[in-house]
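The following exercises concern the packing of aromatic side chains. Each task is followed by a solution in steps.

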Amino acid sequence: MDAEATSDSLTRVPATGRAVPEAEPELVRRWRSEGGELVELLSQVRERFGGVAAFRVGPAPTVLVTDPGAVQHVLARHPDRYVKRSHRARLLIGDGVLSATGAAWKSQRRLLQSQFTGPGMRRYEHRITGAARTTAERWDGYARTGQTFDVGREMRRFALDAIWRSLTGHPLDDGTERELDAVAAVATALPTLPADVTDSHDAVAADLARIDAVARHAVEAARGGAAGPDGPGLLHVLTDAAAERPEYTDRLIRDEMVTLLVAGHETTATTLTWLYLLLDRHPAAREQALAAGGEGSEQRRQAVQALVHETLRLYPSAWILPRHATEDDTLAGYAVEAGTDILVCPYLTHRDPELWPDPEHFAPERFTTPDGRPAHPGAYFPFGIGPRACLGLQFALRESTVLLEHLLPAHTLAFSATPAKALFGITVRPDGPAPATSVRPRT
């Protein structure tokens with residue numbers, strides 16, 4: 001992303017606030033000359049100018065927001081003033097609920113929300129458990145033979161199986177898995193695609209065609225009443241909606257399906273991969289989680305969830321949340337003009353030493369001890385907060401916890417290589433494979 005700070009950005013100050021502190025041009029020029037990632041610039045801006053700071057991205061002013069109170073103001077208290085204009089993955093997910101806005105978004109979210117809370121979530125519990133058992137059986141086989149496997153690919157395979165069962169009622173088969181590799185291929189390519197819409201589409205046209213073919217086949221099966229062994233799934237909810245809501249065309253159903261595939265497996269798989277890489281560096285954390293209680297106990301479940309939460313603190317599912325100010329406002333005492341682009345950054349908020357002591361250290365006990373984490377709701381938000389928070393939050397946490405309850409007691413991993421750094425795209429992901437063997441098979 002091209003960025004440039006100028007001395008006159010945000011100069012018109014409404015009477016309700018003072019000017020946002022602004023990064024000097026030299027800081028940005030130095031970052032550009034070094035070819036750094038955006039997160040490096042944002043880190044420097046936050047460190048030098050605080051939790052609300054201004055710079056320019058292209059011709060329009062941009063404000064970085066990491067202060068918890070300002071985060072809450074933008075995402076939770078005033079989502080009508082700070083709106084989501086478009087999603088970076090729109091080429092892939094189309095008009096699905098992640099990229100939809102306005103009345104369309106409200107309608108789509110209302111339909112799906114009931115599927116991911118309360119009774120809706122209970123409907124998918126046994127599907128998640130089925131995917132976890134399949135993964136555990138596969139890992140038992142790896143342990144018996146000493147086979148090396150890529151942890152990242154294993155986590156994608158599990159998460160894709162869990163969401164596929166939830167969508168269709170069928171376990172993920174090998175052929176579908178191969179075709180849906182195209183989802184990860186497009187998601188990975190998105191940050192590097194040309195700015196021109198036509199050129200970017202052409203660059204990934206073959207992968208998009210594979211995704212469309214899988215979606216078309218699954219939608220046709222759901223519409224034909226072909227429930228899987230687990231019963232009807234989320235796709236049946238969408239096809240049933242089409243009978244009463246004309247906006248649910250085949251294209252929108254495809255977009256919602258692909259949105260659920262992307263959101264339902266990519267972020268979970270990445271989180272679980274990071275978690276195992278962190279456990280490799282902090283093996284005592286695994287032992288402490290297992291020692292918290294017996295198999296199936298609430299104490300162990302809470303300890304395992306703490307592993308997930310601490311991983312999400314360091315590597316949040318959505319590391320940056322762009323918004324756009326629709327009107328003049330006062331944010332944490334600073335004036336923000338209508339038309340300003342806002343970058344809310346969970347990654348930096350979660351690593352703020354004023355909020356999180358020793359923030360770079362992996363310490364799951366932050367989430368199990370009293371006062372271990374900041375009380376302010378804007379200090380920890382790996383899935384966002386407010387009305388546009390990820391609707392699959394409970395699904396993601398549940399599938400991560402269930403899988404770990406199956407794998408942690410039976411397997412420790414020995415990595416033959418680990419990724420050197422993080423890549424900041426749509427998610428924060430390791431920059432390469434993570435080959436490992438299981439050194440503690442189930443007895």
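**Exercise 1.** In this predicted model, determine over which ring face Arg 18 lies, and over which ring the charged end of Arg 313 sits.

Solution. Arg 18 is placed over the face of Tyr 334, 4.2 Å from the ring centre. For Arg 313, the charged end sits over the ring of Trp 356, at 5.4 Å from its centre.

**Exercise 2.** Classify the aromatic pair of Trp 356 and Tyr 380, and state whether each residue is buried or exposed.

Solution. Step one concerns geometry: the ring centres are 6.2 Å apart and the planes stand at 65 degrees. Planes over 60 degrees apart count as edge-to-face, so the pair is edge-to-face. Step two concerns location: both Trp 356 and Tyr 380 lie in the loop between helix 15 and helix 16, so the pair ties together parts 24 residues apart in sequence. Step three concerns accessibility: the relative accessible area of Trp 356 is 0%, and this residue is buried. Tyr 380, at 8%, also counts as buried.

**Exercise 3.** Apply the procedure to Trp 274 and Tyr 315.

Solution. The model has 10 aromatic pairs. In the pair of Trp 274 and Tyr 315, the centres are 3.7 Å apart with 0 degrees between the planes, and the pair is stacked. Trp 274 belongs to helix 12, while Tyr 315 is in the loop between helix 14 and strand 5, so parts 41 residues apart in sequence are tied together. Trp 274 is buried at 6% relative accessible area, and Tyr 315 is buried at 12%.

Methods. Residues numbered from 1 in each chain as written. Predicted model: local features only at pLDDT ≥ 70, side-chain atom pairs only at ≥ 80, totals over all residues. Heavy atoms only, no water. Phe/Tyr/Trp six-rings, centres within 6.5 Å; stacked < 30°, edge-to-face > 60°. Helix = DSSP H or I, 4+ residues; strand = E, 2+ residues; numbered from the N terminus. Buried < 20%, exposed > 50% of the residue type's maximum accessible area, 1.4 Å probe, protein only. Lys NZ or Arg CZ within 6 Å of the ring centre and 35° of its normal.
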